[in-house]
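Q: Please explain how the features of a structural model are to be read, taking the one shown here as the case.

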Amino acid sequence: MTRPDWIGQSLRFGLVAPLVFAVDWGVLTLLAGLGVPPLAGRLVSLCASVSVGFLANRFFTFRARGRPGWREFGRYAAAAALGIAVNYGLFALLHRAGAPNAAAIAGGMGAAAIVTFTRFRAIFSR
(Lines give C-alpha, C1' and ligand atoms only; values in the text may rest on other atoms or scores of the structure.)
Protein backbone atom coordinates (compact mmCIF):
# COMPACT_ATOMS: atom_id res chain seq x y z
CA MET A 1 0.00 0.00 0.00
CA THR A 2 1.38 3.40 -0.92
CA ARG A 3 0.81 6.52 1.08
CA PRO A 4 -1.15 9.39 -0.46
CA ASP A 5 0.91 12.12 -2.16
CA TRP A 6 -0.45 14.79 0.16
CA ILE A 7 1.33 13.26 3.15
CA GLY A 8 4.81 13.73 1.67
CA GLN A 9 3.78 17.09 0.27
CA SER A 10 2.57 18.30 3.64
CA LEU A 11 5.82 17.18 5.28
CA ARG A 12 7.88 19.01 2.63
CA PHE A 13 5.58 22.03 2.97
CA GLY A 14 6.50 22.01 6.66
CA LEU A 15 10.18 21.93 5.78
CA VAL A 16 9.83 24.93 3.48
CA ALA A 17 8.16 26.96 6.23
CA PRO A 18 11.39 27.67 8.21
CA LEU A 19 13.04 29.02 5.04
CA VAL A 20 10.07 31.28 4.32
CA PHE A 21 10.01 32.35 7.98
CA ALA A 22 13.73 33.18 7.86
CA VAL A 23 13.28 35.36 4.77
CA ASP A 24 10.23 37.06 6.29
CA TRP A 25 11.85 37.67 9.67
CA GLY A 26 15.22 38.64 8.17
CA VAL A 27 13.74 41.26 5.84
CA LEU A 28 11.49 42.61 8.60
CA THR A 29 14.42 42.81 11.01
CA LEU A 30 16.61 44.54 8.43
CA LEU A 31 13.91 47.10 7.69
CA ALA A 32 13.22 47.66 11.39
CA GLY A 33 16.93 48.40 11.83
CA LEU A 34 16.54 51.05 9.15
CA GLY A 35 13.68 52.64 11.08
CA VAL A 36 10.75 51.22 9.09
CA PRO A 37 7.75 50.55 11.38
CA PRO A 38 6.96 46.82 11.76
CA LEU A 39 3.51 46.93 10.17
CA ALA A 40 4.87 48.66 7.05
CA GLY A 41 8.03 46.54 6.97
CA ARG A 42 5.95 43.40 7.14
CA LEU A 43 4.34 44.21 3.80
CA VAL A 44 7.79 44.20 2.19
CA SER A 45 8.91 41.08 4.03
CA LEU A 46 5.76 39.25 2.93
CA CYS A 47 6.50 40.02 -0.74
CA ALA A 48 10.01 38.63 -0.36
CA SER A 49 8.82 35.52 1.45
CA VAL A 50 6.07 34.81 -1.14
CA SER A 51 8.64 34.88 -3.94
CA VAL A 52 10.96 32.47 -2.12
CA GLY A 53 7.99 30.30 -1.13
CA PHE A 54 6.81 30.03 -4.74
CA LEU A 55 10.10 28.58 -5.92
CA ALA A 56 10.61 26.32 -2.91
CA ASN A 57 7.05 24.97 -2.98
CA ARG A 58 7.00 24.54 -6.74
CA PHE A 59 10.23 22.60 -7.03
CA PHE A 60 10.60 20.94 -3.63
CA THR A 61 7.18 20.58 -1.99
CA PHE A 62 5.04 19.71 -4.99
CA ARG A 63 7.81 18.74 -7.44
CA ALA A 64 6.16 20.48 -10.36
CA ARG A 65 7.68 19.81 -13.75
CA GLY A 66 8.55 22.28 -16.47
CA ARG A 67 9.52 25.90 -16.26
CA PRO A 68 7.65 28.22 -13.93
CA GLY A 69 5.59 30.84 -15.70
CA TRP A 70 4.05 34.17 -14.83
CA ARG A 71 0.50 32.76 -14.99
CA GLU A 72 1.40 30.08 -12.50
CA PHE A 73 3.08 32.65 -10.30
CA GLY A 74 -0.06 34.79 -10.62
CA ARG A 75 -2.27 31.92 -9.43
CA TYR A 76 0.17 31.24 -6.61
CA ALA A 77 0.24 34.92 -5.65
CA ALA A 78 -3.58 35.07 -5.63
CA ALA A 79 -3.74 32.02 -3.36
CA ALA A 80 -0.98 33.49 -1.23
CA ALA A 81 -2.95 36.75 -0.98
CA LEU A 82 -5.64 34.95 0.98
CA GLY A 83 -2.94 33.43 3.17
CA ILE A 84 -1.30 36.84 3.51
CA ALA A 85 -4.58 38.39 4.66
CA VAL A 86 -4.85 35.76 7.39
CA ASN A 87 -1.13 36.01 8.15
CA TYR A 88 -1.00 39.81 8.32
CA GLY A 89 -4.26 40.08 10.24
CA LEU A 90 -3.09 37.72 12.96
CA PHE A 91 0.37 39.34 12.96
CA ALA A 92 -1.23 42.76 13.54
CA LEU A 93 -3.40 41.43 16.36
CA LEU A 94 -0.47 39.71 18.07
CA HIS A 95 1.84 42.71 17.52
CA ARG A 96 -0.71 45.10 19.03
CA ALA A 97 -1.11 42.68 21.95
CA GLY A 98 2.62 43.06 22.64
CA ALA A 99 4.00 39.86 21.14
CA PRO A 100 7.60 39.99 19.84
CA ASN A 101 7.91 40.20 16.05
CA ALA A 102 9.15 36.61 15.71
CA ALA A 103 6.19 35.23 17.70
CA ALA A 104 3.71 37.37 15.78
CA ILE A 105 5.17 36.20 12.45
CA ALA A 106 5.08 32.55 13.56
CA GLY A 107 1.44 32.84 14.62
CA GLY A 108 0.45 34.46 11.35
CA MET A 109 2.36 31.91 9.31
CA GLY A 110 0.84 28.96 11.16
CA ALA A 111 -2.70 30.12 10.49
CA ALA A 112 -1.89 30.93 6.86
CA ALA A 113 -0.33 27.49 6.30
CA ILE A 114 -3.66 25.84 6.90
CA VAL A 115 -5.30 28.12 4.34
CA THR A 116 -2.61 27.95 1.65
CA PHE A 117 -1.56 24.30 1.49
CA THR A 118 -4.65 23.08 -0.34
CA ARG A 119 -4.61 26.00 -2.81
CA PHE A 120 -0.93 25.58 -3.61
CA ARG A 121 -1.40 21.85 -4.03
CA ALA A 122 -4.14 22.44 -6.60
CA ILE A 123 -2.00 24.95 -8.51
CA PHE A 124 1.04 22.71 -8.78
CA SER A 125 -0.93 19.53 -9.49
CA ARG A 126 -1.99 20.79 -12.93
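Q: Which helices each supply at least two residues of the lining of the largest pocket?
A: Rolling a probe the size of a water molecule over the atoms shows where empty space is left. A pocket is an open set of points on a 1 Å grid over the protein atoms alone, where a 1.4 Å probe fits, with protein on both sides within 12 Å along at least five of seven lines; lining residues have an atom within 4 Å of a point. In this predicted model, with residues numbered from 1 along each chain, local features need pLDDT of at least 70. Side-chain values use heavy atoms, without hydrogens and water. The helices (DSSP runs of H or I, at least four residues) that each give at least two lining residues are α1, α2, α3 and α4 (101-124).

Q: How do the lining residues of the largest pocket divide?
A: The lining has 13 nonpolar, eight polar and two charged residues. Ala, Val, Leu, Ile, Met, Phe, Trp, Tyr, Cys and Pro count as nonpolar, Asp, Glu, Lys and Arg as charged, and the others as polar.

Q: At what angle do α1 and α2 pack?
A: The angle between α1 (residues 5-33) and α2 is about 150°, and their axes lie 8 Å apart. Axes are lines fitted to C-alpha atoms over the stretch in contact, and angles run from 0 to 180 degrees between N-to-C directions. The angle therefore makes α1 roughly antiparallel to α2 (over 145 degrees). Their contact contains 16 nonpolar, seven polar and three charged residues.

Q: What sign does the phi of R63 have?
A: Most residues other than glycine have a negative phi. R63 is not a glycine, yet its phi is positive, about 50°. R63 lies in the loop between α2 (38-61) and α3 (70-96).

Q: Why does R63 count as partly exposed?
A: R63 does so because its relative accessibility is 48%, and partly exposed lies between buried (under 20%) and exposed (over 50%), with a 1.4 Å probe and protein chains only.

How values were computed. This is a predicted model: local features need pLDDT of at least 70, side-chain atom pairs count only at pLDDT 80 or more; totals for chains, interfaces and linings use all residues. Angles under 35 degrees count as roughly parallel, over 145 as roughly antiparallel, 65 to 115 as roughly perpendicular and the rest as oblique.
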